[in-house]
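Some notes on the model follow, as numbered points. They concern helix packing, aromatic contacts and two individual residues.

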Amino acid sequence: MIGLVDCNNFYVSCERVFQPRLEGLPVGVMSNNDGCVIARSNELKALGVEMGTPAFELQQWVNQGRIHLLSSNYELYGDMSARVREVLEEFSAGVEPYSIDEMFVRFDGFDAAATLALARTLYRNVRQFTGIPVCVGVAPTRTLAKLANRAAKKLPEYQGVCVMHADGDDTRRLLERTALGDVWGVGRRLVERLAIQGIETAWDLRKADPKAIRRRFSVTLERTVRELQGTPCIELNDAAEPRQRIMTSRSFGRLTGEPGELQDAIRQHAQRGAEKLRQQDSHARAVLVFLKTNRHRPDLPQYSPSAVVELPEPTDDSRPILAAAQQGLEAIYRRGFRFMKAGVMLLDLVDANREQLSLLDTPEREAQRERDHKLMAALDELNGKMGKGTVRLGVPRQNAAWHLRCAHRTPRFTTRWQEILRARS
């Protein structure tokens with residue numbers, strides 16, 4: 001069995017942990033430069049505020065005190081995500097982050113009663129030890145776990161926890177009332193094509209012949225059918241939809257604490273992550289950098305830090321991504337530790353074709369953006385023809401003009417940020 005733990009209204013929940021006065025109030029979190037709403041509390045949703053609503057359209061409500069809009073605070077969200085993961089790892093060794101607010105958790109070796117008990121324990125403990133409310137869905141496959149989590153969140157009778165068995169009556173009833181578009185990896189165009197075949201619900205898709213689906217559509221949809229039938233087929237990065245985060249990491253051939261070697265590793269991972277980002281036609285809003293010591297070496301001091309750095313604007317350009325990765329490494333690096341692994345994760349991905357542009361963009365900026373796009377395309381083409389890593393970029397110097405407008409950002413409440421400040425002073 002595999003579980004999916006999904007943090008409810010994650011960005012808003014992180015803010016509420018340290019500002020309890022916001023509990024029960026309509027709260028939204030804004031994008032880079034306070035442009036538009038990218039996260040909403042249930043109370044804000046009830047007022048009809050849609051995702052992506054420009055912040056200036058809500059300014060009158062803000063002035064009247066009807067709603068509260070906050071600037072995004074990725075350092076806080078990254079730290080709270082790490083805390084949620086630490087709680088989950090106390091109960092399972094198989095925790096697989098899917099995005100900054102979703103994590104798959106393995107429930108291997110438990111019977112039905114123990115699985116339900118553990119799911120409820122995770123539900124309670126994450127809220128108790130981090131302050132973040134979550135929903136837990138458990139099922140034999142990742143696709144079913146996604147649907148179980150959705151049921152736990154949408155249907156009050158599950159009280160935040162849903163355990164779904166492949167052949168259970170509850171599973172059939174749930175799939176019969178689940179629209180095809182709510183199935184993980186089934187997009188709008190595929191819904192239209194399947195409707196022509198008379199397949200309109202998740203249960204209809206489950207009953208379909210996997211081999212026929214493969215012939216008419218794709219092997220990816222065949223895997224989805226088998227997953228709905230209870231056969232695990234999809235690993236973490238196999239989903240047909242664009243990934244919500246991209247991580248590149250690798251263990252070192254030997255332990256090292258040399259800053260130059262760590263910089264080279266982070267630079268390599270950041271550039272590779274940017275290449276993957278462009279391959280799936282996405283932009284990233286933030287970069288997470290992490291280091292790990294070897295926990296199997298108790299004779300050595302242990303330190304496994306991470307840091308999230310917000311990007312000036314959503315981008316797939318390797319240069320600002322490399323600069324952010326370097327900034328994160330400088331924030332978390334400490335002498336006296338020998339590390340076995342380093343990595344970079346690109347967070348909060350958005351469709352590159354739906355990027356929100358600034359009304360203040362000049363023709364010169366548009367021309368620069370086009371040149372940047374051509375430069376990255378040329379870099380990818382050279383590396384594609386001559387091998388990965390043939391053309392590499394250095395880390396550009398920080399530019400003061402990159403500082404973001406964030407008039408409503410909350411302070412860095414987390415203990416990790418306080419450690420970083422002390423290290424800089």
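1. In this predicted model, helix α6 is largely enclosed by the rest of the structure, because ten of its 13 residues are buried. The buried set consists of Arg142, Thr143, Leu144, Ala145, Lys146, Leu147, Ala148, Asn149, Ala151 and Ala152. Two residues with charged side-chain types, Arg142 and Lys146, are thus listed among the buried ones.

2. The helix α6 runs over residues 142–154. From its first C-alpha to its last it reaches 18 Å, close to the 18 Å expected at 1.5 Å a residue.

3. Arg142 also takes part in a contact with an aromatic ring. Its charged end sits over the ring of Phe104, 5.3 Å from the ring centre. A second case of this kind is Arg66, whose charged end sits over the ring of Trp61 at 4.3 Å from the centre.

4. Helix α5 (residues 112–130) has 19 residues. Its reach between the first and last C-alpha is 27 Å, close to the 27 Å expected at 1.5 Å a residue. After α5 comes Gly131, with a positive phi near 85°.

5. Which residues of α5 are buried? They are Thr115, Leu118, Ala119, Thr121, Leu122, Asn125, Val126 and Thr130. These residues lie on the same side of α5, because they cover an arc of only 160° around the axis. The general background is that an α-helix has 3.6 residues a turn, so residues three or four places apart point the same way.

6. The cover over the buried residues of α5 includes strands β1 (2–7), β6, β7 (134–139) and β8 (161–163), together with helices α1 (10–18) and α4 (74–89). On the face turned away from the buried side, α5 carries the exposed residues Ala113 and Gln128.

7. A search of the whole structure gives ten aromatic pairs. One of them is Tyr98 with Trp184, an edge-to-face pair with 5.7 Å from centre to centre and 90° between the planes. This pair links distant parts of the chain: Tyr98 is in strand β5 (residues 95–99), whereas Trp184 is in the loop between α7 (169–176) and α8 (188–196), 86 residues apart. Tyr98 and Trp184 are both buried.

8. Trp184 also pairs with Phe104. The ring centres of Phe104 and Trp184 are 5.9 Å apart and the planes are at 40°, so this pair is tilted. Because Phe104 lies in strand β6 (residues 102–106) and Trp184 in the loop between α7 and α8, the pair ties together parts that are 80 residues apart in sequence. Both Phe104 and Trp184 are buried.

9. Elsewhere, Phe10, Tyr11, Tyr74 and Tyr77 form one aromatic cluster.

10. Is Ser99 buried or exposed? Ser99, in strand β5, has a relative accessible area of 5% and is buried. Its side chain makes a polar contact of 2.8 Å with the side chain of Asp101. Leaving aside neighbours within four places in sequence, Ser99 is in contact with Gln244 and Arg245.

11. Gln197 is in the loop between α8 and α9 (202–207). At 40% relative accessibility, Gln197 counts as partly exposed, since the partly exposed class lies between 20% and 50%. Not counting residues up to four places away in sequence, Gln197 touches Arg216 and Phe217.

Note on methods: Residues are numbered from 1 along each chain as its sequence is written. This is a predicted model: local features need pLDDT of at least 70, side-chain atom pairs count only at pLDDT 80 or more; totals for chains, interfaces and linings use all residues. Side-chain values use heavy atoms; hydrogens and water are left out. Rings of Phe, Tyr and Trp (its six-membered ring) pair if their centres lie within 6.5 Å; planes under 30 degrees apart count as stacked, over 60 as edge-to-face and the rest as tilted. Helices (H or I, at least four residues) and strands (E, at least two) are DSSP runs, numbered from the N terminus. Buried means under 20% relative accessible area, exposed over 50%, partly exposed in between (1.4 Å probe, protein chains only). A charge sits over a ring if NZ of Lys or CZ of Arg is within 6 Å of the ring centre and within 35 degrees of the ring normal. Contact means heavy atoms within 4.5 Å. The expected span of a helix is 1.5 Å times one less than its number of residues. The arc is that of the directions from the helix axis to the C-beta atoms. A polar contact is a pair of N or O atoms within 3.5 Å; within protein, one must be able to donate a hydrogen and the other to accept it, and residues adjacent in sequence count only if both atoms are side-chain atoms.
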